[in-house]
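Open the model in your viewer and show it as a cartoon. The stops below go from the whole chain to single residues, each with something to select.

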Amino acid sequence: METIIYYQYLLHKQWKVYIAATEKGLCYLGTEHSSIEELVKACIKQFPNGRLIEAIDELTIYKKELIEYFNGERTQFDFNFDVIGTTFQMKVWNALSLIPYGKSFCYSDIANQIGNPNAVRAVGTAIGSNPVAIVIPCHRVLGKNGTLTGFSGGLDVKEKLLTLEKIPYKG
């Protein structure tokens, strides 16, 4: 059975993101450094039977909440996700979702939270494959000593997100 995936490029002030969703929820969020080709590749990887359609009204709830977040008016998202990953990735992404707005964790915190304290590198890999950056807040994960670490959406975007949430970090 075919999965319809609606997508759109959202431009709001200095924020530029690609968003895509199925009828079940948000399945992709790419930052300004991503491309339409990356959106297509990520969506088809999750939904091999997917058909992408440029959205007009279908993504209104996602756009509304993202704009509120970018404006500093929203600290959590209320919409559903439709993300597919391995059991391990899903555990990591669920743990990321529990990091409160304005707070940061380190990779070992996440490894401990999922009950696998020796899996710090694997946690990093799972975080890097998060298909809905920002809303599953992988930007809130810093190095052990509060240093800025990798972000698939670009370190400059991670810095903007941390600044928006007033999360201190070491450059």
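**The whole chain**

Start with the full cartoon. This is a predicted model, and its secondary structure consists of six helices and six strands. Followed from the N terminus, the elements come in the order β-β-β-α-β-α-α-β-α-α-β-α.

Zoom out until every C-alpha atom is visible. Along the principal axes, these atoms of the protein fill a box of roughly 45 × 35 × 25 Å. The radius of gyration is 15 Å, which agrees with the value near 16 Å that a compact globule of 171 residues would have. Among contacts with a separation of 6 or more, 58% join residues 24 or more positions apart.

Now switch on the surface. About 8700 Å² of the protein is exposed, and carbon and sulfur atoms supply 53% of that area. Of the 171 residues, 49% count as buried. Then colour by charge: there are 18 positive and 17 negative charges, and their mean positions lie 9 Å apart.

**The cores**

Hide the surface and select Leu29, Val92 and Leu96. These residues have the most contacts inside the largest nonpolar core, which has 39 residues. The elements that give two or more residues to this core are β2 (15-22), β3 (25-30), α2, α3, α4 (107-113), α5 (120-128) and α6 (155-164). Nonpolar side chains tend to be buried together in soluble globular proteins.

Centre on Val92. Which residues does Val92 touch, not counting those up to four places away in sequence? They are Ile110, Ile114, Val123, Ala126 and Ile127.

Another core, of nine residues, lies apart from the largest one. To find this second core, select Tyr7, Ala20, Cys27 and Cys43, which are among its members.

**Helix α2**

Select residues 60-70, which form α2. The buried residues in this helix are Tyr62, Lys63, Glu65, Leu66, Glu68, Tyr69 and Phe70. They pack against β1 (3-12), β2, β3 and α6. Just after the helix, look at the backbone of Gly72, where phi is positive, at about 80 degrees.

**Phe81**

Move on to the loop between α2 and α3 (87-97), where Phe81 is placed. Is Phe81 buried or partly exposed? Its relative accessibility is 32%, so Phe81 counts as partly exposed. Leaving aside neighbours within four places in sequence, Phe81 is in contact with Lys24, Gly25, Leu26, Val132, Val135 and Ile136. For a distance across the model, add Gly115: Phe81 and Gly115 are 34 residues apart in sequence, and their C-alpha atoms are 24 Å apart in space.

**Ser108**

Next, select Ser108 in helix α4. Why does Ser108 count as buried? Buried means under 20% relative accessible area, and Ser108 counts as buried because its relative accessibility is 16%. Show the side chains of Val120 and Lys144 as well; Ser108 touches both, with residues up to four places away in sequence not counted.

**Ser35**

Finish in the loop between β3 and α1 (36-46), which holds Ser35. Ser35 has a relative accessible area of 22% and is therefore partly exposed. Add Tyr9 to the selection and draw a line between the two C-alpha atoms. Ser35 and Tyr9 are 26 residues apart along the chain, and the C-alpha separation is 9.6 Å.

Key
Residues numbered from 1 in each chain as written. Predicted model: local features only at pLDDT ≥ 70, side-chain atom pairs only at ≥ 80, totals over all residues. Heavy atoms only, no water. Helix = DSSP H or I, 4+ residues; strand = E, 2+ residues; numbered from the N terminus. Rg over C-alpha atoms; globule rule 2.2 N^0.38 Å. Buried < 20%, exposed > 50% of the residue type's maximum accessible area, 1.4 Å probe, protein only. Contact = heavy atoms within 4.5 Å. Areas by Shrake-Rupley, 256 points an atom, 1.4 Å probe, with all protein chains shown as cover. Lys, Arg positive; Asp, Glu negative; His and termini not counted. Charge placed at Lys NZ, Arg CZ, Asp CG, Glu CD. Core = buried A, V, L, I, M, F, W, Y, C linked by side-chain atoms within 4.5 Å.
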